Amino acid sequence: MRVSEGQVTVTVPEQPDAGTGSEVFFNPVQELNRDLTVATLRAYRERTPRVESYLDATAASGIRGVRAAADGWETSLCDVDDEAVALCRSNLDDNDLDGTVHHENANVLMHSEAFDVVDLDPFGTPIPFADAAVQGTKHLLCVTATDTAPLCGAHFESGVRSYGAVPRNTEFHPEMGLRVLLSAMVRTAARYDIAARPVLSHATNHYVRTYLEFDHGAKVANDCIDDLGHIYYCQRCLWRESERGL
Ligand SMILES: C[S@@+](CC[C@H](N)C(=O)[O-])C[C@H]1O[C@@H](n2cnc3c(N)ncnc32)[C@H](O)[C@@H]1O
């Protein structure tokens, strides 16, 4: 199946359920996510002209990385899946674009090479990639999470296990999910003396997405940790109050 998005046309596999299930290879619903990625990368490069390299760490068809390459990024695409890697290569070629395709575990790649911008868009939770992604990112880490039930507390124990937080199931669940993801990513980066500050975040459909700008140093990482906190909330009377501190 041929799909056009932004400046590119790529081949993606035919999929059952119109590609909208939880483990799909190409998700048409995520076009907005990819549009925002291209726009955010462009704005970030205007502000930080030294950034050049971009890794699409879990590339699938490669559509996100191919769109970044069409926008002038020195692009690398990585996937463990044979079919994905073949599609990444042919989709770059079909659009007359250069790029490096890695057929390996993204955790291995991100532990061995660093990129100005790393994009994590895996199935479900990004947490199994989080430590390696922090190591493999020089400036900007883009993260999608589609496991909204654990993130927003609907699957409480799973959320506690994955994110080391206490996600409560409230009526403001998109914001709850986003903040739980942010907290986990900030704490992961702080372990390596890195401050990870969100420059753009959104909760859209059944996923949350954040763009984290990195600043290196123990002091700035401490400052980021100091910005984390809790919310106290009464679902009966809607009273709420936030408190800083882990
Ligand atoms: C949700 S899809 C990616 C969608 C894609 N970013 C897009 O915008 O269309 C997740 C991809 O991650 C790949 N993947 C899973 N585990 C991986 C790993 N350890 N290293 C690299 N890729 C992995 C899967 O093969 C799959 O192609």
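The exercises below work through a predicted model, one site or residue at a time.

The model is predicted, so local features are taken at pLDDT of at least 70 and side-chain atom pairs at pLDDT 80 or more, while totals for chains, interfaces and linings use all residues. Residues are numbered from 1 along each chain as its sequence is written, and side-chain values use heavy atoms, with hydrogens and water left out.

**Exercise 1. The ligand site**

Task: State how many residues surround the ligand, and how the shell divides into nonpolar, polar and charged residues.

Solution.
- Step 1. Take as near any residue with a heavy atom within 4 Å of the ligand. The ligand is surrounded by 19 residues. The closest are Thr-58, Asp-79, Asn-105, Ala-106 and Asp-121.
- Step 2. Sort the shell by residue type: Ala, Val, Leu, Ile, Met, Phe, Trp, Tyr, Cys and Pro count as nonpolar, Asp, Glu, Lys and Arg as charged, and the others, Gly among them, as polar. The shell holds 11 nonpolar, 2 polar and 6 charged residues.

**Exercise 2. Polar atoms at the ligand**

Task: Find which N or O atoms of Asp-79, Arg-64 and Ala-106 approach the ligand, and then give the share of the ligand area that the protein buries.

Solution.
- Step 1. For Asp-79, look at the side chain: one of its N or O atoms is 2.6 Å from an oxygen atom of the ligand.
- Step 2. For Arg-64, a side-chain N or O atom is 3.2 Å from a ligand oxygen atom.
- Step 3. For Ala-106, look at the backbone instead: a backbone N or O atom is 2.9 Å from a nitrogen atom of the ligand.
- Step 4. Turn to the area. The ligand taken alone exposes 600 Å², and the protein buries 88% of that. Such areas come from the Shrake-Rupley method with a 1.4 Å probe; for residues, only the protein chains shown count as cover.

**Exercise 3. A network of salt bridges**

Task: Trace the salt bridges that link Glu-5, Arg-34, Asp-35 and Arg-67.

Solution.
- Step 1. Count as a salt bridge a side-chain nitrogen of Lys or Arg within 4 Å of a carboxyl oxygen of Asp or Glu. The whole structure has 13 of these salt bridges.
- Step 2. Begin with Glu-5 and Arg-34, whose closest N and O atoms are 2.8 Å apart. This pair links distant parts of the chain, with Glu-5 in strand β1 (residues 2-5) and Arg-34 in helix α1 (residues 31-47), 29 residues apart. Helices (H or I, at least four residues) and strands (E, at least two) are DSSP runs, numbered from the N terminus.
- Step 3. Check the accessibility: buried means under 20% relative accessible area, exposed over 50%, and partly exposed in between (1.4 Å probe, protein chains only). Glu-5 and Arg-34 are both buried.
- Step 4. Go on to Asp-35 and Arg-67, whose side chains form a salt bridge at 2.8 Å, N to O. This pair also links distant parts of the chain: Asp-35 is in helix α1 and Arg-67 in helix α2 (residues 63-70), 32 residues apart. Asp-35 is partly exposed at 32%, whereas Arg-67 is buried at 8%.

**Exercise 4. A salt bridge within one helix**

Task: Describe where the salt bridge between Arg-179 and Glu-175 lies.

Solution.
- Step 1. The N to O distance between the two side chains is 2.8 Å.
- Step 2. Arg-179 and Glu-175 are 4 residues apart in helix α8 (residues 173-190), so about one helical turn separates them.
- Step 3. Arg-179 is exposed, at 54% relative accessibility, and Glu-175 is partly exposed, at 42%.

**Exercise 5. His-139**

Task: Decide whether His-139 is buried or exposed, and list its contacts.

Solution.
- Step 1. His-139 belongs to strand β7 (residues 137-145). With a relative accessible area of 15%, His-139 is buried.
- Step 2. Take contact as heavy atoms within 4.5 Å. Apart from neighbours within four places in sequence, His-139 is in contact with residues including Tyr-44, Arg-50, Phe-115 and Phe-214.
- Step 3. The side chains of His-139 and Arg-50 make a polar contact at 3.4 Å. A polar contact is a pair of N or O atoms within 3.5 Å; within protein, one must be able to donate a hydrogen and the other to accept it, and residues adjacent in sequence count only if both atoms are side-chain atoms.
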